[in-house]
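Visitor: I am new here, so please give me a close look at a single topic, the salt bridges.

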Amino acid sequence: MEEERENERAQNIRHTNGEATETEHKLVNGGTKEMEMEEKAVAGEEEAIINYRGWKAMPFIIGNETFEKLGAIGTLANLLIYLTTVFNLKSITAANVINIFNGTTNFSTLVGAFLCDTYFGRFKTLGFCTVASFLGLQVIQLTAAIKNLHPPDCGNNTTCVGPTAGQMAFLITGFGLLISGAAGVRPCNLAFGADQFNPGTESGKRGINSFFNWYFFTFTFAQMVALTLIVYVQSNVSWTVGLLIPAILMLISCAVFFMGSKIYVKVKAQGSPLTSVAQVIAVAIKKSRLPSPEQPWLSLHNYIPPKTINSKLSYTDQFRCLDKAAIVTAEDKKRPDGSSADPWRLCTLQQVEEVKCIIRVLPIWVAGVIYYLVIVQQQTYAVFQATQMDRRLGNTSFKIPAASYVVFLMLSLTIFIPIYDRLIVPFLQRITGKAGGITLLQRMGIGLFLGLLTMLVSAIVEERRRSIALTKPTLGVYPRRGEISSMSALWLIPQFTLAGLTEAFASISLIEFYYKQFPENMRSIAGSLYYCGMAGSSYLSSLLISIVHKNTKGAEGGNWLPENLNKGRLDYFYYLIAVLEFLALVYFLVCARWYKYKGTDVVSPEVDIEMKQHEQTHV
């Protein structure tokens, strides 16, 4: 009891059954006592306060995250091998199925973020989607457990019976449930965990930082376990047992999540921020014939809502056609407080600048789509490479599962991040004087360059693997593929290590870039934008595979991507990706030079002074 009273005095809170509106949540987080008193005086109502439980809620949230990731990754990590060995799909078909599934899963996060912000809130969205994920994993497990739900075993036959329409329909049903689950879990889980802390206090800020660290630790831990223990059970013991384990772990995740429902802070949905974006675009089109104002920073409608959670943005001179959405005409009416009577006829300068922030990010997002092609190849064709290499551990008969080699990507990422944070960043800070050592776009540029190196190394390793398989004694035949090269699969470690470094620079900087450059009320959408980039990469990879396979199948040099990699030229395909990465790097450098960071660029110092004087005369 004494601890609870002390917590109340520290945060000035009272229990309200964990319910809070988005506006109330943000106001408590960042508002001062003086601002709160003013709001109470204007509204004439007592402000509702949130009872933050902080770390008391973390065992349920982090426990849910851990089991959820173990369940999802435990199934998805080895899905490529499952489709080719149990469902008897060809490698091209299986790779395309995985790419389309991953793409749809990642694109669905945009829909999930919209529904969460507009209708359901994070708690209800996470609860529903976690259950959907469990059902999806259970359906996929049944395809392995019930003989009638998958094709007959192929054995060592060169031709195999493929799945029936009914079997594929049942499998796709499982995929659909997993997509529904990921749509809500991926964009909401980080934000829901951060909701449990009060960022208006120092302890709350430290709690949020610690939560992010624990989140990425559990994510990495789950990938390590999934890529080693669970994949081993699936590949060497039983697919039925190996897929049952993730389903059970996901069921535990559901139970742990709902056990903490009474103590969570549950932020209510307050409508989609995309409405504001649509208003700016619509009004700018309606007023497109109006002449551009000579001093837009002074003449445009510049109203700031008193309870907005978004930081105030200065006027920027990019995309000036959008400025017309904030031009005040004789037909536009305002309320007594200065706000627009009809936001579909008159927008604010703040709204316009927020839309500009989003548009400026999009060219960088396109570069991110090309960059992630590197990671997609390491998760698909690099696994096929491993199946036709010597996977024995030393002189023992134990073979490392082909999908487990991706763990070296995670190890590289996990080991490098603290080295970068503790050693490299302080060193760069002393040289550049910048808080992060280098800018976010500079970090991403390094990641793109490392991605180019990754594909070059991958091509060289594949060329050597194929040469050894064709010119030296082999280690047998992998069913339905071809001769196993005597080259050790450990030679795949360099390309996986480089891919991990690529992610350490590019992926992490992209997430932080979206988070910081989007308006504060659009951070759920910012998180989903990262996943949409991954989705674009998956679809693009599937398209490239189909085009290359179709155009090289009857060519004089032979098919680049056949079932038997020894008869193909996967190295040429890797070189093709490397060329795309080089073009993406050049494109990115042009975009980065043009880009203006949010809140740091105004037309001139004189304009800034004029804007402040203009604001003072209207106070």
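**A close look at the salt bridges**

Guide: Let's begin with Glu512, which is partly exposed at 25% relative accessibility (buried means under 20% relative accessible area, exposed over 50%, and partly exposed in between, using a 1.4 Å probe and protein chains only). Its partner Lys516 is also partly exposed, with a relative accessible area of 43%. The two side chains form a salt bridge, 2.7 Å from N to O; the term stands for a side-chain nitrogen of Lys or Arg within 4 Å of a carboxyl oxygen of Asp or Glu. Both residues sit in helix H17 (residues 493-517), four residues apart, or about one turn of the helix. Elsewhere, Glu65, Glu68 and Lys69 are joined into one network by salt bridges that share partners.

This is a predicted model, in which local features need pLDDT of at least 70 and side-chain atom pairs count only at pLDDT 80 or more, while totals for chains, interfaces and linings use all residues. Residues are numbered from 1 along each chain as its sequence is written, and side-chain values use heavy atoms, leaving out hydrogens and water.

Next comes helix H16 (residues 440-471), where Arg465 and Glu462 are three residues apart, about one helical turn. Helices are DSSP runs of H or I with at least four residues, strands are runs of E with at least two, and both are numbered from the N terminus. The closest N and O atoms of this salt-bridged pair are 2.9 Å apart, and both residues are buried.

Finally, Glu331 and Arg345 meet through their side chains in a salt bridge of 2.9 Å, N to O. Both lie in the loop between helix H11 (296-299) and helix H12 (349-371), 14 residues apart. Glu331 is exposed at 58% relative accessible area, whereas Arg345 is partly exposed at 38%. Across the whole structure, the search finds 13 salt bridges.
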